[in-house]
Amino acid sequence: MNVIKYPKKEDWDELLKRPVMDVDTLRETVYKVLEEVKTRGDAAVKAYEKQFDRVDLSDLAVTAEEMEEAERLVSPELKDALILAHDNIRKFHAAQKITSHKVEVCEGVTCWQKAIPIEKVGLYIPGGTAPLFSTVLMLATPAQIAGCREIGLCTPPDAKGKVNPAILCAARVAGVHRIFKAGGVQAIGAMAYGTETIPKVYKIFGPGNQYVMAAKQQVSLHDVAIDMPAGPSEVEVLADASSHPVFVAADLLSQAEHGTDSQVLLVSTDERLITEVQNEVERQLAVLPRKDIAAKSLSHSKLILVHDMDEAMELTNRYAPEHLIIETADYREAAERVINAGSVFLGSYTPESAGDYASGTNHTLPTNGYAKAYNGVNLDSYHRKVTFQELTPQGVRAIGRAVELMAAHEHLDAHRHAMAVRLDSLNSDAL
């Protein structure tokens, strides 16, 4: 772990740089896979499943029998946990519904906005060493609340052609309509273009490795929308002399075990706390099952000592972390000063893992500094806001001349004419 004491402001940008993921080096491979899926459909998906996931698939769709088998394999305790988490996620996202109101902006001119669900959405759920069944709940629950007509899910199977049973169980709890055995770039291509089995969607959600991220970026240029730009997961912990070093160390490690490229940052006003956290990290790391992954992540972590909370908050907003845990004595006051962050966790008893699983907030969040401009997945992510307007004859009289003048000055005479004929009609009727 790298300790940096009292860095100068002119060095902050360099200090806070994330490791750059060079998707250019992946572009040729990603392009080839996407083009194959686009032209050959299911056959290409199956071929790449054999190449990358080492599995021969006769059918890409998960069957009703496989869903029932998954129900039997998942323990009652885990099912209860999934139901509890889903209930909290549902409550939080359902509260985000907004009622639209018609506004008469002037006499005879009424405008309003309507939230319309995206008809077809595709969810990508990674498998591998950490099958993210929690992400199923995070992505499918708001899609259901929004009223998306088709909710499809792609996830890679194991070498026996089976999908992780917890993923299937979570999909049933959250209301996924159809599930397909496809991972990586081929899954993104299938959802973007459509195949004989996997339907084309209008927007793709979900995390993945660098190949998945590169594929999402590529298909978003012409073919389908995506949830947000994304990179390796990250956490910043904001701490002071009152912070509990055991808790802080646990929070840093919970993020470090995500992957070797995960970002871990501690910003503190207390040097003793930093030393205690270092010692505690070493103690906790030694007993972690994923300690090799966490250790590689920690090798490029940063523990930054600053002069005071003013400097800590300025540094934090410059970094714009995906997850921000504020474990200071004045955490509520500090929270009011947060400008750039994906999701914020307040106080010593609110670990980031609460939001990852069961508190109710969404864990699909902007990384790599994108929290300066993007928010995480929420109910609005599954809607389009369509505006409506209606003019009565009084409305034409109220704004018609302004529309004519503005269109004429922009040299768009057909625009001017569309309003002029209506004004002329009303004037003729009045005579």
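Let me start with strands E2 and E3, which are joined by three bridges and run antiparallel. Keep in mind throughout that this is a predicted model. Within that pair, Cys 106 stands opposite Val 109 in E3. The hairpin of E2 and E3 has two residues between the strands, and Gly 108 there takes a positive phi near 85°.

Now the other neighbour of E3. Strand E3 covers residues 109–117, and nine bridges join it to E14, again in an antiparallel arrangement. Two positions help to find the register on screen. Val 109 has Leu 391 as its bridge partner in E14. Further along, Cys 111 stands opposite Gln 389 in E14. So that you can place Val 109 properly: that residue faces Cys 106 of the hairpin and also pairs with Leu 391 of E14.

Put together, what is the order of the three strands in the open sheet? The order is E2-E3-E14, with antiparallel pairing. The edge strands are E2, residues 103–106, and E14, residues 383–391, and each of these pairs on one side only. From one strand to the next the twist averages 30°. As a general reminder, side chains in a regular strand alternate between the two faces of the sheet.

What lies across these strands? That is helix H16, residues 393–409, which lies across E2, E3 and E14. Helix H16 runs at about 95° to E14.

Next, two backbone details elsewhere in the chain. Most residues other than glycine have a negative phi. Arg 54 has a positive one, near 60°. Ala 320 also has a positive value, with phi near 55°.

Where do these two residues sit? Arg 54 is in the loop between helix H3, residues 42–52, and helix H4, residues 64–73. Ala 320 is in the loop between helix H13, residues 309–319, and strand E12, residues 323–326.

Buried or exposed: which word fits Arg 54, and which fits Ala 320? Arg 54 has a relative accessible area of 59% and counts as exposed, because the cut-off for that word is over 50%. Ala 320 has a relative accessible area of 0%, and since buried means under 20%, Ala 320 is buried.

To recap: the sheet is open and runs E2-E3-E14, with helix H16 lying across its strands. Outside the sheet, the two loop residues to look up are Arg 54, with phi near 60°, and Ala 320, with phi near 55°.

Technical notes
Residues numbered from 1 in each chain as written. Predicted model: local features only at pLDDT ≥ 70, side-chain atom pairs only at ≥ 80, totals over all residues. Heavy atoms only, no water. Pairing = 2+ DSSP bridges. Helix = DSSP H or I, 4+ residues; strand = E, 2+ residues; numbered from the N terminus. Axes fitted to C-alpha atoms, helices over the stretch in contact; angles between N-to-C directions. Contact = heavy atoms within 4.5 Å. Buried < 20%, exposed > 50% of the residue type's maximum accessible area, 1.4 Å probe, protein only.
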